[in-house]
Amino acid sequence: PLIFIRYESLRQYLRLYPVNSAIIVANLVMFIIMLFNGDPTRSDTLVKYGALTNVPGYDQNWRFVTSLFLHAGLAHLAMNLFAIFVFA
């Protein structure tokens, strides 16, 4: 359907939507960092990089922010970035 079509160029998108662009870049950078330092589909890797958990000792407040940029696999990342790019 036409709802999934963007009519601006990439340069226009970057200029018009700088916050969305920064979020997309932050998600990609975090995923690449996790790829080089462990398997992003493993829960121990996700917890190491800031996922929310109820395990004692891992209840730091910074996890509320960092967990927004973690993705458990390439499909999860791709669908979230698609949603940010098209709908946000």
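Accessible areas come from the Shrake-Rupley method with a 1.4 Å probe. On that basis the protein, which is a predicted model, exposes about 6,200 Å², and carbon and sulfur atoms supply 70% of this area. Of its 88 residues, 26% count as buried.

The protein has five helices and zero strands, so that, read from the N terminus, its elements run α-α-α-α-α. The radius of gyration is 15 Å, well over the 12 Å that the globule rule gives for 88 residues, and the protein is therefore more spread out than a compact globule. Along its principal axes, the C-alpha trace spans about 50 × 25 × 25 Å. When contacts between residues at least 6 apart in sequence are considered, 51% of them join residues at least 24 apart.

The UniProt record, an unreviewed entry, places a "transmembrane region" feature at residues 16–36 and 68–87, and it also places the feature "domain: Peptidase S54 rhomboid" at residues 60–87. The table gives the computed helix and strand content of these spans, together with the separation of their end C-alpha atoms.

| Span | Helix | Strand | End C-alpha separation |
|---|---|---|---|
| Residues 16–36 | 95% | 0% | 32 Å |
| Residues 60–87 | 64% | 0% | 31 Å |
| Residues 68–87 | 70% | 0% | 17 Å |

As for charge, the protein carries 6 positive and 4 negative charges, and the mean positions of these two groups are 11 Å apart.

Technical notes. Residues are numbered from 1 along each chain as its sequence is written. This is a predicted model: local features need pLDDT of at least 70, side-chain atom pairs count only at pLDDT 80 or more; totals for chains, interfaces and linings use all residues. Side-chain values use heavy atoms; hydrogens and water are left out. UniProt positions are given in the numbering used here, feature names are shortened, and annotations may be inferred rather than shown by experiment. Helices (H or I, at least four residues) and strands (E, at least two) are DSSP runs, numbered from the N terminus. The radius of gyration is taken over C-alpha atoms; the globule rule is 2.2 Å times the number of residues to the power 0.38. Buried means under 20% relative accessible area, exposed over 50%, partly exposed in between (1.4 Å probe, protein chains only). Contact means heavy atoms within 4.5 Å. Lys and Arg count as positive and Asp and Glu as negative; His and the chain ends are not counted. The place of a charge is taken as NZ of Lys, CZ of Arg, CG of Asp or CD of Glu.
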